[in-house]
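Let's take a look at how charged side chains pair up in a protein chain. Have the sequence and the 3D view ready, and follow along.

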Amino acid sequence: MNTSFPFKGCGAKIGIFLLFAWLSSCNTLKRVGENELLLTKNAIYTDGEKVLDEDARSLIVQEPNTRVLGYPLRLNLYNLAKKDPDSTFQAWLNRKPEREERLARLLSQKQVDALGESFLVKGYSEWLKKIGEAPVIIDTSRSRKTSQRLKTYYDSKGYFNNTTTFEIKEEKRKQRAGIDYLITLGKPYFIDSLTHTIASPAIDSIYTSHSDRSLIREGKQFDFADFNNERERLTELFRNSGVYNFQESSITYNILRDTSEVRDDQQMTVELNIENLRKRGDTAITTAEYKVFSFDRINIFADYEFGDDPSTMQSTEYKNYTIYFKDRLRYKPKALTDAIFFEKDSLYRDLDRIRTYRQITNLNTFKYPNIQILEDSTQTKLVSNIFLTARAKYSLGLNLDVTHSNIQRLGIGFSTSLITRNVFGGAETLSLSARGTFGLLSDASLPEDFFSEVGADINLTFPRMWFPLPTEKIIPYYMLPQTRISAGTSFQKNIGLDKQTLNSILGYTWTPDIFRKNTLELLNILYVRNVNPDRFFNVYGSSYRQLDDIADNYEDNPALAAFFEPTDDPDDPRLIIPEGTTGFTQAVLDGTVSTAREDFVDVSRIEERRDRLTENNLIFSSNYTFTRNNKSGINDNSFYQLRLKLESAGNLLSALSYIVPFNQNDNDNLLVFGVPYSQYVKTEFDFIKHWDLSRSNVLAFRSFFGVAVPYGNSESVPFVRSYFAGGSNDNRAWFPYSLGPGRSSDINDFNEANLKLAFNLEYRFPVVGNFKGALFADAGNIWNVWDNVDDPDKTFSGFGSLADIALGTGFGLRYDFTYFVFRVDAGFKTYNPAEEPSRRWFREYNFSNAVIQIGINYPF
């Protein structure tokens with residue numbers, strides 16, 4: 001949803017000035033004692049060089065007050081609170097002898113006492129303290145603690161002889177100072193020799209065969225992090241090599257430093273010790289050698305519920321798996337065993353256990369599984385019990401939405417979905433959904449101005465690759481393969497040209513790991529029918545106004561008289577829709593009416609746009625999307641995300657045209673079901689990068705490139721596959737569809753093109769509590785390229801067209817609700833390529849022309 005919020009007049013300017021003056025007048029030192037110093041900054045230096053490493057800086061115990069764009073907002077909010085509101089209220093109450101008595105007569109003594117506890121007296125100050133931040137006064141005991149932390153940190157990096165001190169650097173400004181932590185590293189220690197003592201022969205064999213991958217090597221500088229990482233690597237190695245019960249605590253290191261005066265080369269001797277398995281009994285702790293285990297039996301308990309007695313369940317054998325069930329088995333055995341990565345006589349691997357968890361969850365039929373690993377009676381083999389608890393076979397969802405936009409004055413929408421699980425016994429999921437929106441258009445004045453949109457979809461998901469040829473070797477089950485077959489339709493009334501759509505998709509997804517995802521839509525069919533193409537000029541008002549302005553130059557021509565209707569201005573008749581617009585356009589293009597060359601070109605372009613936006617579309621396409629990211633968790637603010645997409649449409653039908661004779665229209669386009677099918681190739685590149693700048697300050701960047709090239713049976717890309725610019729997730733200084741193409745100034749109602757460039761940079765920072773702030777710069781535009789648009793202002797003609805890239809800058813405020821973020825952004829047109837070259841920079845850079853964008857969650 002987008003809206004504009006104009007700031008007009010001098011009132012806003014005065015308000016902003018007063019706010020700035022109030023903030024500037026806050027006394028930062030109000031709560032700082034006479035002999036105290038306000039901490040303003042910290043710095044760490046190693047051998048005279050400033051340290052920017054976040055790991056080291058995170059060890060500082062006492063940080064300065066947070067700042068918002070350099071201003072200590074939370075500190076000054078805290079200073080606004082009364083230090084002792086109770087005493088202040090009592091002093092005010094007793095300042096005049098009869099004040100308390102008068103208030104008691106007016107309110108009652110009880111209410112006077114309650115007034116002292118009210119928000120206006122006490123609660124307001126408490127609230128300011130809560131959202132604010134007390135001044136950070138330099139505490140030398142905390143500085144010494146920081147020094148000790150830093151010494152320990154650099155000890156862990158091999159600098160055992162480092163010395164750490166700190167200096168308080170007073171500033172010229174009164175009672176303010178920073179602290180410099182000064183570290184002399186000295187010579188680092190290196191690993192001179194590495195030996196190992198391993199109690200269990202099985203562990204010793206595994207370690208020896210993989211010792212070349214060790215993170216601890218002779219000649220390498222000592223780093224305690226390497227030892228932790230090596231312990232984790234070895235634990236993972238052993239648990240993936242059959243030692244299912246390996247304990248990380250069994251790994252220890254003996255580290256000896258050479259402190260003799262004879263040698264000064266800072267060498268260390270490291271001994272790796274891996275002890276036997278420690279077992280805690282009822283009375284004592286015993287030890288036993290680690291062993292390599294393989295599976296003897298794998299039991300799958302379908303439809304298991306807590307408390308069930310497995311001995312009362314029926315069972316069946318399938319490919320070395322034993323499946324237990326009640327009454328009857330409701331699942332195909334293959335569907336269950338394909339989700340299990342343990343195999344009889346195979347070594348235990350933690351990796352197989354994790355993959356089993358993921359694939360069972362991916363079936364969307366069972367709750368999170370319980371996997372039990374037990375040693376058999378001989379204590380040489382393993383038994384795996386996998387307990388599966390079924391989710392509800394049917395689930396119903398209902399949603400209700402109220403919407404408002406620049407098209408809809410008010411819209412009430414509903415949607416419902418019915419999900420059926422395990423449809424065919426192979427953990428398939430069938431989803432039936434219906435949706436509808438009804439409401440009033442923004443310019444509604446008559447009952448027929450009510451709009452409606454209804455639709456329905458059916459989706460069938462298979463937890464495997466549904467394909468004629470075997471795919472397990474290329475895409476194994478641990479990649480969570482899925483096949484989706486869907487079909488849907490929608491109907492619009494009194495919206496645009498009243499579109500009706502039919503769509504069908506056969507697609508596949510597979511996820512090799514949590515950082516990569518592949519999506520292949522082998523067949524994506526979309527049919528779009530415009531029910532009321534004669535309403536084009538009613539819907540696209542800018543095109544109508546442009547055509548009507550041209551027609552005014554020829555209204556005296558008798559041959560055109562029937563195309564006009566009178567208006568309130570007798571000197572300005574207007575074209576009748578659709579008879580007049582169609583008649584005038586035909587008269588111009590077929591030469592019935594002689595027009596100026598410029599008018600003829602403009603009318604031709606308007607007619608080309610009308611033809612393209614009113615034509616029915618049939619799109620047979622295939623596309624592949626690859627996404628990759630390295631985000632380690634929800635709190636990871638330093639990551640990247642890459643998305644690549646390639647789409648091709650019309651090639652299958654084009655190949656069939658050599659076998660099956662298709663009809664043609666007057667433009668020699670091949671027709672399928674009476675509609676010219678679209679043919680194009682489309683590619684997209686989307687890259688996002690975030691940098692964590694410390695203390696919840698994040699710098700986010702996005703770049704996007706997309707191009708769709710028509711060929712063969714098409715001269716242009718369908719509207720539903722074209723690009724637009726502007727909006728809350730794009731260039732926020734422009735509304736959706738209002739930017740471009742290129743430097744064109746004849747803005748249409750919905751501007752679109754087939755080439756897009758976009759770049760976004762945003763600096764995000766905390767403000768107060770859950771409120772976050774942002775400064776952003778959005779650049780980009782759309783152009784026409786290699787299609788039937790020949791307007792030089794709208795087409796991309798080389799590097800010179802990059803001068804048409806629009807720039808919007810602004811600021812935003814967000815509120816973090818934990819599960820989602822509510823966002824408001826104010827964008828300003830900084831560089832507008834649609835203006836004359838001398839008027840492009842900062843022409844509309846003011847609050848009266850600000851564009852307010854409202855969105856949910858971050859734009860990228």
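## Salt bridges in a predicted model

Let's start with Arg 535: its relative accessibility is 24%, so it counts as partly exposed. Keep in mind that this is a predicted model. The partner of Arg 535 is Asp 498, and their side chains meet in a salt bridge, 3.3 Å from N to O. These two sit in distant parts of the chain, 37 residues apart. Asp 498 is in the loop between β20 (482–493) and β21 (499–513), while Arg 535 is in the loop between β22 (516–530) and α13 (536–539). And is Asp 498 buried or exposed? With 5% relative accessibility, Asp 498 counts as buried, because the cut-off for that is under 20%.

Why can pairs like this form at all? Side chains with opposite charges can pair when their charged atoms come close.

Here are three of these pairs side by side:

| Salt bridge | N to O distance |
|---|---|
| Asp 498 and Arg 535 | 3.3 Å |
| Arg 609 and Glu 752 | 3.8 Å |
| Arg 610 and Asp 611 | 3.0 Å |

Now for the second row, where Arg 609 and Glu 752 meet. Arg 609 belongs to helix α16 (residues 597–614) and Glu 752 to the loop between β31 (698–710) and β32 (755–768), so this pair ties together parts 143 residues apart in sequence. Both residues, Arg 609 and Glu 752, are buried. In the third row, Asp 611 has 39% relative accessibility, so it counts as partly exposed.

Some charged residues join a bigger group: Arg 732, Glu 762, Arg 764, Asp 778, Arg 814, Arg 823 and Asp 825 are linked in a network of salt bridges. How many salt bridges are there in total? The count comes to 41.

Note on methods
Residues numbered from 1 in each chain as written. Predicted model: local features only at pLDDT ≥ 70, side-chain atom pairs only at ≥ 80, totals over all residues. Heavy atoms only, no water. Salt bridge = Lys/Arg side-chain N within 4 Å of Asp/Glu carboxyl O. Helix = DSSP H or I, 4+ residues; strand = E, 2+ residues; numbered from the N terminus. Buried < 20%, exposed > 50% of the residue type's maximum accessible area, 1.4 Å probe, protein only.
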